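This briefing summarises a protein chain for the bench biochemist. The sequence and the structure are shown first, and the notes that follow are grouped by topic.

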Amino acid sequence: MVDQLTKTAKPRLRMMAVHAHPDDESSKGAATMARYAAEGHEVLVVTCTGGEAGSILNPAMDRPDVLANMAEIRREEMARAAKILGVSQRWLGFVDSGLPEGDPLPPVPEGSFAAIPLEEPTEALVRVIREFRPHVITTYDENGGYPHPDHIRTHEVTMAAWEAAPDQSRFPDAGEPWQPLKLYYMHGFSKARMVAFDAALKEAGLESPYTEWLAKWDPERADVMERVTTRVECGEYFEVRDEALKAHATQIDPNSRWFFVPLEIQREVWPTEEYELVKSQVDSTLPEDDLFAGIAGTEEKVDT
């Protein structure tokens, strides 16, 4: 009986999500992570910076005592969000670069994540990859999802670490080499998603914030849905995602646009999160509905 159960049990796989700041993990791919964690897989969030330069975006938290202790408070928020999602979390330990403002844009602060040589954070991430041994890695696209210097640097570091982690000659003191099997870009709001929510809200007799956004949409701007290869069904975990977002109380106003669309409408109209497969060591058929598609059965990389 035990042997039969062992043969039929699903393998426990490992997913690593690489993010720039605390709260990014809860606004990008959180329901996917919550689903995989609930299914028994190991999920690790790697947070590249401490979010020290972040502004207070929730009026209820805009107090001098919060601003004076921003770094510590954001660490506490991250711990609560990780617990809600059911994931592990690791700080990479670099300093938030902030979001430059002005015309022309000023340089990011010396010594911050986006300013230091690429090799330094690459080695740090390679060390974590070789220790955790993920089968799947998710990160931002070449534009960072949006053009924050730390998001773009997160993309650069993740891509460099993907290449270096299996190479014995790179960072030999950073652990035993490990070859991840798949790498994805996370894709968030798309025009198609906004159109769907706009129509659903109006049909339900509710006000839609998307009408104005869609009217301003640049017709020359491509929709990220054109790049999507993988849609993960995770509507069951949208409430978990929202609770994780609210855990980042300095960054998320519970009355903001994040929570404007009722969960029942989200689950009916758009119950997935979207990804783009950009690197793969295994065969899988596109389009996919699972980040782990094609991995089960590759015994040399899967722990059962």
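The secondary structure of the protein chain consists of 11 helices and 7 strands. The model is a predicted one. An unreviewed UniProt entry carries the annotation "binding site" for His21, Asp24 and His151. Although these residues are spread over 131 residues of sequence, they cluster in space, with a largest C-alpha distance of 9.6 Å.

**Overall form**

- The radius of gyration of the protein chain is 20 Å, which agrees with the value near 19 Å for a compact globule of 304 residues.
- Taken along the principal axes, the box filled by the C-alpha atoms is roughly 55 × 50 × 40 Å.
- Of the 304 residues in the protein chain, 51% are buried.
- Among contacts with a separation of 6 or more, 80% join residues 24 or more positions apart in the sequence.

**Surface and charge**

- The protein chain has an accessible surface of about 14,900 Å², and carbon and sulfur atoms account for 50% of that surface.
- The side chains include 31 positive and 54 negative ones.
- The centres of the positive and negative sets lie 3 Å apart.

**The annotated binding site**

- Histidine 21 is located in the loop between strand E1 (14–19) and helix H2 (24–27).
- The relative accessible area of histidine 21 is 7%, which is under the 20% cut-off, so this residue is buried.
- Beyond residues up to four places away in sequence, histidine 21 touches Thr47, Thr49, Gly51, Asp96, His148, Asp150 and His151.
- Histidine 151 belongs to helix H7 (residues 149–164).
- Histidine 151 counts as buried because its relative accessibility is 0%.
- With neighbours within four places in sequence left aside, the contacts of histidine 151 are Ala20, His21, Asp24, Lys28, Tyr140, Gly144 and Tyr146.
- The contacts of histidine 151 thus include His21 and Asp24, both of which fall under the "binding site" annotation in the UniProt entry.

**Backbone features**

- Aspartate 23 is not a glycine, yet it has a positive phi of about 105 degrees.
- The position of aspartate 23 is in the loop between E1 and H2, and at 12% relative accessibility this residue counts as buried.
- Arginine 133, a residue other than glycine, also has a positive phi, near 60 degrees.
- Arginine 133 lies in the loop between H6 and strand E4 (136–139), and with a relative accessible area of 32% this residue is partly exposed.
- Leucine 286 and proline 287 are joined by a cis peptide bond with omega of about -5 degrees.
- Proline 287 is placed in the segment after strand E7 (272–280).

**Helix H3 and the residue after it**

- Helix H3 (residues 30–38) is mostly covered, with 8 of its 9 residues buried.
- The buried residues of H3 are Ala30, Ala31, Thr32, Met33, Ala34, Arg35, Tyr36 and Ala37.
- Glycine 40, just after H3, takes a positive phi of about 100 degrees.

**A buried and an exposed position**

- Threonine 122 is part of helix H6 (residues 119–132).
- With a relative accessible area of 0%, threonine 122 is buried.
- Not counting residues up to four places away in sequence, threonine 122 touches Val157, Ala160, Ala161 and Phe171.
- Asparagine 255 occupies the loop between helix H10 (238–247) and helix H11 (263–269).
- The relative accessible area of asparagine 255 is 69%, over the 50% cut-off, so this residue is exposed.
- Asparagine 255 and asparagine 58 are 197 residues apart in sequence, and their C-alpha atoms are 9.1 Å apart in space.

How values were computed: Residues are numbered from 1 along each chain as its sequence is written. This is a predicted model: local features need pLDDT of at least 70, side-chain atom pairs count only at pLDDT 80 or more; totals for chains, interfaces and linings use all residues. Side-chain values use heavy atoms; hydrogens and water are left out. UniProt positions are given in the numbering used here, feature names are shortened, and annotations may be inferred rather than shown by experiment. Helices (H or I, at least four residues) and strands (E, at least two) are DSSP runs, numbered from the N terminus. Buried means under 20% relative accessible area, exposed over 50%, partly exposed in between (1.4 Å probe, protein chains only). Contact means heavy atoms within 4.5 Å. The radius of gyration is taken over C-alpha atoms; the globule rule is 2.2 Å times the number of residues to the power 0.38. Accessible areas come from the Shrake-Rupley method with a 1.4 Å probe; for residues, only the protein chains shown count as cover. Lys and Arg count as positive and Asp and Glu as negative; His and the chain ends are not counted. The place of a charge is taken as NZ of Lys, CZ of Arg, CG of Asp or CD of Glu.
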